[in-house]
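Here is a short briefing on helix packing, nonpolar cores and one surface position. Please keep the sequence and the model open while reading.

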Amino acid sequence: MPAARDLIYIHYRHLTRGIRMAQMTGGDALARALISEGVDTVFGIPGVQLDGLTDGMYRKRDELELVVPRHEQATSYMADGYYRASGRPGVAMVVPGPGVLNAGAGMATAYACSSQVMLLAGTIPSPLVGSGLGALHEIPRQTDTVQGLTKWSARPKRVEEIPDLVHEGFRQMRTGRPRPVALELGPDLLHAVADLKPGEPFGVREPEAPERDVAELARLLGAAERPVIHAGGGMRDPRAFKLLARLAELLDAPVVMSENGRGAIDARDPHALPAFALWELRSTADLVVSFGSRFLTPFGQQLNIGDARLALVNIDAADLRPPRRPDLAVNADAVAVLEALVERLSPRASWGVELVRLREDCGVRIRKQAGPQMEFVDAIRAALPEDGVYVNELTQIGYVSTYGFPVQAPRSYVWPGYQGTLGYAMPTALGAAVGAGGRPVVAVTGDGGIGWSLQEFATAKKYGIPLVTVLFEDSRFGNVWRIQRDTYGGRFIGSDLTNPDFELLTRAFGLDFALAEDAAAVEKHVSAAIAARRPAVVKVPVDVFPSPWPLIHEKH
């Protein structure tokens with residue numbers, strides 16, 4: 001075992017000294033370690049390599065619920081949605097080989113969106129790992145696959161290592177940039193019996209703001225006449241919600257939210273602006289301060305800020321490096337830096353009434369570019385309480401929502417970030433609904449994306465998860481179809497869809513169904529479904545929409 005692992009084990013033994021050992025299986029110890037970390041739900045699908053763990057979970061079934069979706073892909077999506085709605089780590093469980101590969105899309109999305117997700121991945125029997133003998137579910141170099149989708153991963157060699165590695169995984173998720181982790185677990189270890197302790201969570205140090213960097217950032221802000229605040233996905237922490245608003249008020253400055261940063265500040269705040277507002281602001285801005293963002297275009301270039309100076313604040317040092325060219329790079333927790341800034345700055349005048357015009361202009365541009373889509377976005381917003389969770393999909397309504405849906409509360413907007421994972425919305429929203437603490441959850445999807453997860457209607461029914469899915473049907477992959485029409489002269493290939501009767505299918509699964517022919521009907525039926533607290537599908541037949549892209553990708 002590597003020296004670092006030995007140190008972890010020694011640390012674990014120190015923390016748990018005095019806790020009485022007991023004879024238990026590796027599966028028992030793992031289940032109890034999860035419970036000690038505050039886990040009450042695991043999203044997973046049982047299988048022979050995991051029998052030792054599921055048996056351990058059975059003995060703790062009053063404290064640890066196993067939610068079983070119908071596809072392994074949904075396990076990691078649900079764990080991600082659970083984390084993003086609740087702020088508590090989500091846990092997924094799959095068998096080795098095809099199970100790990102199926103869960104990969106959700107793990108990649110969690111990685112892109114900095115989500116705290118732990119994957120419990122089975123392996124073939126430990127003595128056979130790497131043998132290439134064709135054991136059930138064996139794939140070559142599974143560990144390499146898992147490592148490519150996680151911040152940290154481990155495979156215990158002895159049953160005694162299981163509890164401390166569980167706690168180290170949670171420490172890793174809660175330290176630095178939050179990203180998924182994984183444990184690979186052999187069936188032999190899960191069944192092995194030993195004198196074990198479940199242990200206790202490892203301590204995590206509260207992040208601190210470096211005084212020198214905060215002072216320099218405050219100096220830059222003090223010298224700037226037209227500062228702009230930029231907020232990325234690292235600002236989804238509820239603490240940032242009020243702090244950003246306060247900083248904007250102190251500086252009299254706009255807050256531009258990236259696609260993944262929506263919900264960093266209440267969209268109704270007089271300083272809040274969508275991502276494309278930066279295109280106008282940069283013409284007169286003299287300083288842009290970005291918190292918790294990669295600060296790149298989808299094509300890997302630094303965002304264009306004109307002649308303004310740039311300060312980047314990010315906990316991940318990799319997100320401060322080229323091709324970015326910051327005048328000040330602060331490698332620290334963005335929320336801690338934000339809190340320190342708010343404490344030392346004084347109110348000042350800056351953009352003034354121009355912010356009112358900017359917000360009005362942005363609203364006009366959105367409705368001019370994507371008015372038909374915005375009718376539906378407005379309808380869903382009207383039906384959903386301000387703290388209700390909106391899970392956005394890569395669909396024509398979803399693209400417009402990245403700049404047009406007004407997020408009004410923290411942990412209430414979910415988007416797949418740069419991963420752009422088609423079909424993730426419905427299973428992710430199921431996990432969000434489990435973790436949302438009774439807040440309503442609405443998923444927006446299209447007839448293309450829903451094809452990845454139709455089987456999860458059964459999961460919603462089985463567990464009574466009150467998810468409302470708004471399904472827009474146009475019988476095509478809309479974005480692909482538009483590109484083929486506009487760029488390739490109407491040479492359509494592979495972009496049309498043949499759909500089932502969604503009403504018949506929905507009712508066959510035992511879910512509520514409503515047909516909405518227009519935006520008013522969408523608001524009516526979504527409101528009714530939320531009130532009913534039952535899983536429901538609202539189908540909306542639509543035709544070709546105006547392109548949403550001119551307000552997403554800037555022309556070069």
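Helices α4 and α15 are oblique to each other, because their angle of about 45 degrees falls outside the roughly parallel (under 35), roughly antiparallel (over 145) and roughly perpendicular (65 to 115) ranges. This is a predicted model: local features need pLDDT of at least 70, side-chain atom pairs need pLDDT 80 or more, and totals for chains, interfaces and linings use all residues. Numbering runs from 1 along each chain as its sequence is written, and side-chain values use heavy atoms, without hydrogens or water.

**Helix pair**
- α4 spans residues 72-86 and α15 spans residues 425-435, with axes 6 Å apart.
- Helices here are DSSP runs (H or I, at least four residues), numbered from the N terminus.
- Axes are lines fitted to C-alpha atoms over the stretch in contact, and angles run from 0 to 180 degrees between N-to-C directions.
- Residues of α4 including Y77, M78 and Y82 meet a set in α15 that includes P427, L430 and V434; contact means heavy atoms within 4.5 Å.

**Nonpolar cores**
- A nonpolar core joins buried Ala, Val, Leu, Ile, Met, Phe, Trp, Tyr and Cys residues through side-chain atoms within 4.5 Å.
- The largest has 97 residues; I229 and F291 are among those touching the most other members.
- Helix α13 (residues 354-383) gives the most to this core, eleven residues.
- A second, separate core of 45 residues includes M426 and L430.

**Surface position**
- K368 lies in helix α13.
- K368 is exposed, at 75% relative accessible area; buried means under 20%, exposed over 50%, partly exposed in between (1.4 Å probe, protein chains only).

Methods. Helix = DSSP H or I, 4+ residues; strand = E, 2+ residues; numbered from the N terminus.
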